[in-house]
Amino acid sequence: MFSAADISIIPQLIANSLIAAALYALIALGFNLIYGATKFFNLAHGAVVVVGGYLVFALTRFAGINVYIAVLIGVLGSGVLGLLLDRFIFLPLRVRKASSMVTLVASLGISTVLQAIIAMIFTSQFQTLSLSFNTKTFNLFGGIITDVQLVMMLSALVIMIVLGIILRKTLFGKTVEAISDNEEVARVVGIDTNKVIAQVFFIGSMIAGLAGILVGFDTGIEPTMGMSLLLKGVIASIIGGVGSVYGAVIGAVVLGFVENFGIWKISGEWKDAIAFGVLILFLLFRSQGILKR
């Protein structure tokens, strides 16, 4: 039986689950978009998340730039970083027809290098991004969330809807789908696959940068946080269906609720174990995820 104290904490558990789901969804959306076009697990995606947060930190703390302008520059800067990574590293690998394993290792190397550069410039200390106004709190189903967390939820929802419309209703979306189905055939019929993939990297990296910025305003940033966030995004992608925009969000919601309700009666240190336990179950019994691409 549940006590009155147990029942009273449920609204906050729901709020915490939605907050975690929004963060995982932002990372999974960018990751899924890039995976859909390239068919490889881009481990550098987590480092791009971190770069977005630190760009805003540097612009506001050292350059004194207005926080809203800094956020815009941080999002665009993350997109440009993704574009450069594709142009100078992943594109040459595609031209040489490198295997998925080679590309995976290259992305891991990029992630390690970017993490080391950030640590050298900003040190490994935990940093927080500050807003120019006091943070407000809202009541969500009886649970408390901040305005930053609300923005995180709305951002995940809006980006999911916009990406879904773009991929289904526009010429760009149809070319991405064609490349995802068969890049060689898409190239034969006249699609500039490298240009489209570069655009996908730009968009996906912007979403990753936004996730890092919102994390910075919510809880703070550190150079090593990228890989752990990426793993949660990847788990959400696999649960929901790798390559599916809507699946990324559904998987993130499932993961957020399972994690937070899973540690209701036990230590929070079990959260990662629960996440990977759910991943293993899906890999064993429904490897295609909740939604097929």
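Leaving aside neighbours within four places in sequence, with which residues is Leu131 in contact? Leu131 is in contact with Val67, Val148 and Phe217, where contact means heavy atoms within 4.5 Å. The structure is a predicted model, in which local features need pLDDT of at least 70, side-chain atom pairs count only at pLDDT 80 or more, and totals for chains, interfaces and linings use all residues. Residues are numbered from 1 along each chain as its sequence is written, and side-chain values use heavy atoms, with hydrogens and water left out.

**Leu131 and Leu279**

Leu131 is placed in the loop between H5 and E1. Helices (H or I, at least four residues) and strands (E, at least two) are DSSP runs, numbered from the N terminus. Leu131 counts as partly exposed at 23% relative accessibility; buried means under 20% relative accessible area, exposed over 50%, and partly exposed in between (1.4 Å probe, protein chains only). The C-alpha atoms of Leu131 and Pro11 are separated by 27 Å, and these residues are 120 residues apart along the chain.

Leu279 belongs to helix H12 (residues 271-285) and counts as buried, at 11% relative accessibility. Not counting residues up to four places away in sequence, Leu279 touches Ile235 and Ile238. From Leu279 to Ala25 the C-alpha distance is 16 Å, with their positions 254 residues apart in sequence.

**The nonpolar core**

A nonpolar core is a set of buried Ala, Val, Leu, Ile, Met, Phe, Trp, Tyr and Cys residues joined through side-chain atoms within 4.5 Å. The largest such core has 84 residues, of which Leu23, Leu26 and Leu29 touch the most other members. Helix H2 (residues 10-38) gives the largest share of this core, 15 residues. With residues up to four places away in sequence not counted, Leu23 touches Met152, Ala211, Val215 and Leu229.

**Packing of H6 and H7**

Helix H6 (residues 147-169) packs with helix H7 (residues 171-181) at an angle of about 80°, and their axes are 5 Å apart. Axes are lines fitted to C-alpha atoms, for helices over the stretch in contact, and angles run from 0 to 180 degrees between N-to-C directions. H6 is therefore roughly perpendicular to H7, a term for angles of 65 to 115 degrees. On the H6 side the contact is made by Ile166, Leu167, Arg168 and Lys169, and on the H7 side by Leu171, Phe172, Gly173, Lys174, Val176 and Glu177. These residues divide into five nonpolar, one polar and four charged.

**The hairpin and positive phi values**

Strand E1 (residues 137-140) and strand E2 (residues 143-146) run antiparallel and are joined by four bridges; strands pair if DSSP finds at least two bridges between them. Leu140 stands opposite Gly143 in E2. E1 and E2 form a hairpin with two residues between them, and Phe141 in the turn has a positive phi.

Two lysines in loops also have a positive phi: Lys39 and Lys97. The table sets out their values.

| Residue | Phi | Loop | Relative accessibility |
|---|---|---|---|
| Lys39 | near 60° | between H2 and helix H3 (45-61) | 38%, partly exposed |
| Lys97 | about 55° | between helix H4 (67-95) and helix H5 (100-122) | 64%, exposed |

Technical notes: Angles under 35 degrees count as roughly parallel, over 145 as roughly antiparallel, 65 to 115 as roughly perpendicular and the rest as oblique. Ala, Val, Leu, Ile, Met, Phe, Trp, Tyr, Cys and Pro count as nonpolar, Asp, Glu, Lys and Arg as charged, and the others, Gly among them, as polar.
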